[in-house]
Amino acid sequence: MEANLTEWYEREIKPVHHGVYEVRVKANGKIVRWFSYWNGTYWCMSSNTPGAAYVLRQTPSDAAEHAGGFEWRGITK
């Protein structure tokens, strides 16, 4: 496990807190990783950086909807 990050959670498990998380999906046999904001109801558009994902926090993610959600992990305290 990388320092200061949780283990990966399955897409059926949703985060408890609102915020930016590292997310991943399998696309065409490859694992793709981004950052996405969880608003408590749905995943928002993803980006290559946490800051950009935060800016996109008002727009639902088509990728997450298509994939049935994201696998995700967050920063540990």
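The backbone oxygen of Asn39 sits 3.1 Å from a polar atom of the His18 side chain. This comes from a predicted model. The report starts with His18, moves to Arg57, and ends with the whole chain.

**His18**

His18 belongs to the segment before β1 (19–27). Is His18 buried or exposed? His18 is exposed, because its relative accessible area is 52% and the cut-off for exposed is over 50%. Exposure does not leave His18 without partners. Not counting residues up to four places away in sequence, His18 touches Tyr37, Trp38, Asn39 and Gly40. Asn39 is thus named twice: as one of the residues touched, and as the owner of the backbone oxygen at 3.1 Å. His18 and Cys44 are 26 residues apart in sequence, and their C-alpha atoms are 11 Å apart.

**Arg57**

Arg57 lies in the loop between α1 (50–55) and α2 (62–67). With a relative accessible area of 26%, Arg57 counts as partly exposed. Which backbone oxygen does the side chain of Arg57 reach? The side chain reaches that of Tyr54, at 2.9 Å. Leaving aside neighbours within four places in sequence, Arg57 is in contact with Tyr37 and Cys44. Tyr37 is also among the residues that His18 touches. Gly29 is 28 residues away from Arg57 along the chain, and the two C-alpha atoms are separated by 28 Å.

The side-chain links to backbone oxygen are set out here.

| Side chain | Backbone oxygen of | Distance |
|---|---|---|
| His18 | Asn39 | 3.1 Å |
| Arg57 | Tyr54 | 2.9 Å |

**The whole chain**

The protein has two helices and four strands. Their order from the N terminus is β-β-β-α-α-β. How does the radius of gyration fit the chain length? For 77 residues, a compact globule would have a value near 11 Å; the protein has 11 Å, so the two agree. The C-alpha trace spans about 30 × 30 × 20 Å along its principal axes.

Buried residues make up 31% of the 77. Among contacts with a separation of 6 or more, 42% come from residues 24 or more positions apart.

The accessible surface is about 5,300 Å². Carbon and sulfur atoms account for 53% of that surface. What charges does the protein carry? There are 9 positive and 8 negative charges, and their mean positions are 3 Å apart.

Note on methods:
Residues are numbered from 1 along each chain as its sequence is written. This is a predicted model: local features need pLDDT of at least 70, side-chain atom pairs count only at pLDDT 80 or more; totals for chains, interfaces and linings use all residues. Side-chain values use heavy atoms; hydrogens and water are left out. The radius of gyration is taken over C-alpha atoms; the globule rule is 2.2 Å times the number of residues to the power 0.38. Buried means under 20% relative accessible area, exposed over 50%, partly exposed in between (1.4 Å probe, protein chains only). Contact means heavy atoms within 4.5 Å. Accessible areas come from the Shrake-Rupley method with a 1.4 Å probe; for residues, only the protein chains shown count as cover. Lys and Arg count as positive and Asp and Glu as negative; His and the chain ends are not counted. The place of a charge is taken as NZ of Lys, CZ of Arg, CG of Asp or CD of Glu. A polar contact is a pair of N or O atoms within 3.5 Å; within protein, one must be able to donate a hydrogen and the other to accept it, and residues adjacent in sequence count only if both atoms are side-chain atoms.
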